[in-house]
Amino acid sequence: MEVVCPIDAQFTQQISLLLEPPSPLQVQEYFDELTTRKQFQGIQVKPTNDHGKGVFADMDFEEEDLVLKDQMLVGMQHSSNKIDCLVCGCCFRFIGSIEVQIGRKLYLQNLGSSKDACFNEKLELLMSERLELPHSKKFPLPAVINCPGGCKEVYYCSKSCADADWDACHSLLCTGEGSKSLSSKALSKFIQHANETNDIFILAAKAISCTVLKYKKLKAASNKDKDREKNKLSDGLGNHNFSLLLKAWKPILMGYKRRWWDCIVLPDDVDVSDEASFRMQIKQLAFESLELLKAAILDEECLPLFSLKIYGNIIGIFELNNLDLVVASPVEDYFLYIDDLPEAEKKKVDEITQPFLDALGEDYSVCCDGTAFFPLQSCMNHSCCPNAKAFKREEDRDGQATIIATKPIKKGEEVTISYIDEDLELEERRALLADYGFICKCPRCVDEEA
């Protein structure tokens, strides 16, 4: 049965404008402004003949040089990872203390179990930081800051991060008493549905919330202008200021988009003959998520954003352009430090720390795991013989994308990364790259094919 969204039919023209690919000039101007504002040195986004746009070196880079640290547009920690790691909801650095990280994780994992009461008491002491572990002060973490809206879902490393996330998107997606959503109950249903089906919906909700809130700021600024009425469109696109909505939408506009149900990879257990049915089910799932989101944060002045076409394309951006969000755990660093202590001291310290390490097992080193959309990194094209890679250095302790040169890169040369494991054979690489909708023609693939 065909899925029908009334907003798609009501705002056909506006939706077409929102999804219209930007011109090369628009792309150039946007990324020039972005790189200048973010003070990125040594890179430039330019149109390419084969791939739309790409990132090019504006200076020479040596092997292992930092090419780029890219701040995410939107990002999230996977719901399944939230028990393992307590991180800032804005920058994704670990927060609290070594004691809080260990105590909280073990307590939540063992919630409802009949473990040793004495051990559970120690976990509570760790969580409340009334029990200090040896040498833990050598691994300081930012204090935990609560959500401004009072929800217990998101925490922060600082007031600046809390305020930035609140202003950017969380004020609409907070389930606390201070939420600006239409209904916290409806929002909870949306979040529950996303956690049970696909948490990429939460990332899409963040993108929509960012756009709505940015539109409201632009409109408030416009309304202070004495000539604000001149800015209103009068061509039948709607009573709200659609030009401001387009401006607020621009960061999403720049991302390569396809509808989610068209670009999602066909699972191995789905036969090709059932592909049409599978894609219709994915579309239905997106529609169900969108309806729940509309009940929670629908804004009458931004109705085109809540169309199924727009929602599907936003999710498609993340399906095609996302980079894993990974932040190394300080708990791993802590236990490695303990393991390297002189034997006599280690034996004494182990009496305190070993029971916690044993309880954590192999999961003691679990990192923060999520997904994010990075504006500049998403412009980097693929090569099976790349000259750069996403790689976190020892000092990289937040959620920014870090791109490192893997070989010398000359000024004017395109910076490329690999979307897949480049150590695979040609046919295996091509099979994986088919999910991205292109056949790689890099020098290595051309040589191997020949």
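How many helices and strands does the protein have? The protein has 16 helices and 12 strands. The structure described here is a predicted model, and every value below was computed from it.

**Overall form**

The protein comprises 450 residues, for which a compact globule would have a radius of gyration near 22 Å; the value for the protein is 24 Å, which agrees. The C-alpha trace extends over about 80 × 60 × 55 Å along its principal axes. Of the 450 residues, 48% count as buried. The surface that the protein exposes amounts to about 22,600 Å², and carbon and sulfur atoms supply 50% of that area.

Two further figures describe the chain as a whole. When contacts between residues at least 6 apart in sequence are considered, 70% of them join residues at least 24 apart. The protein carries 52 positive and 73 negative charges, and the mean positions of these two sets are 8 Å apart.

**Two residues with positive phi**

Most residues other than glycine have a negative phi. F92 is not a glycine, yet its phi is positive, at about 70°. This residue is placed in the loop between β4 (74–77) and α4 (98–109). F92 is buried, because its relative accessible area of 3% falls under the 20% limit.

E129 is likewise a residue other than glycine with a positive phi, here near 60°. The loop that holds E129 runs between α5 (117–127) and β5 (145–146). At 49% relative accessibility, E129 lies between the limits of 20% and 50% and therefore counts as partly exposed.

**The loop residue S383**

S383 is located in the loop between β9 (381–382) and β10 (388–390). Its relative accessibility is 7%, so S383 counts as buried. The side chain of S383 reaches the backbone nitrogen of C385 at 3.0 Å. Leaving out residues up to four places away in sequence, S383 touches T416, I417, S418 and C442.

**P148 and S160**

P148 occupies the loop between β5 and β6 (155–156). With a relative accessible area of 44%, P148 is partly exposed. Apart from its neighbours within four places in sequence, P148 is in contact with Y156, A162 and W166.

S160 belongs to helix α6 (residues 159–173). Is S160 buried or exposed? S160 counts as exposed, since its relative accessibility of 54% is over the 50% limit. The side chain of S160 makes a polar contact with the side chain of S158, at 2.9 Å.

**Helix α11**

Helix α11 covers residues 275–297, and L285 lies in it. Which residues does L285 touch, not counting those up to four places away in sequence? They are H193, T197, F201 and W260.

E288 is also found in helix α11. This residue is partly exposed, with a relative accessible area of 35%.

**Separation in sequence and in space**

Four pairs of residues illustrate how distance along the chain relates to distance in the fold. The spatial values run from C-alpha to C-alpha.

| Pair | Apart in sequence | Apart in space |
|---|---|---|
| P148 and D165 | 17 residues | 9.7 Å |
| L285 and W261 | 24 residues | 9.5 Å |
| S160 and C90 | 70 residues | 9.5 Å |
| E288 and L426 | 138 residues | 39 Å |

The table can be read together with the settings given above. P148, a loop residue, is 9.7 Å from D165. S160, in helix α6, is 9.5 Å from C90, although 70 residues separate the two in sequence. Of the two residues described in helix α11, L285 is 9.5 Å from W261, whereas E288 is 39 Å from L426.

Note on methods:
Residues numbered from 1 in each chain as written. Heavy atoms only, no water. Helix = DSSP H or I, 4+ residues; strand = E, 2+ residues; numbered from the N terminus. Buried < 20%, exposed > 50% of the residue type's maximum accessible area, 1.4 Å probe, protein only. Polar contact = N/O pair within 3.5 Å; in protein donor to acceptor, adjacent residues only side chain to side chain. Contact = heavy atoms within 4.5 Å. Rg over C-alpha atoms; globule rule 2.2 N^0.38 Å. Areas by Shrake-Rupley, 256 points an atom, 1.4 Å probe, with all protein chains shown as cover. Lys, Arg positive; Asp, Glu negative; His and termini not counted. Charge placed at Lys NZ, Arg CZ, Asp CG, Glu CD.
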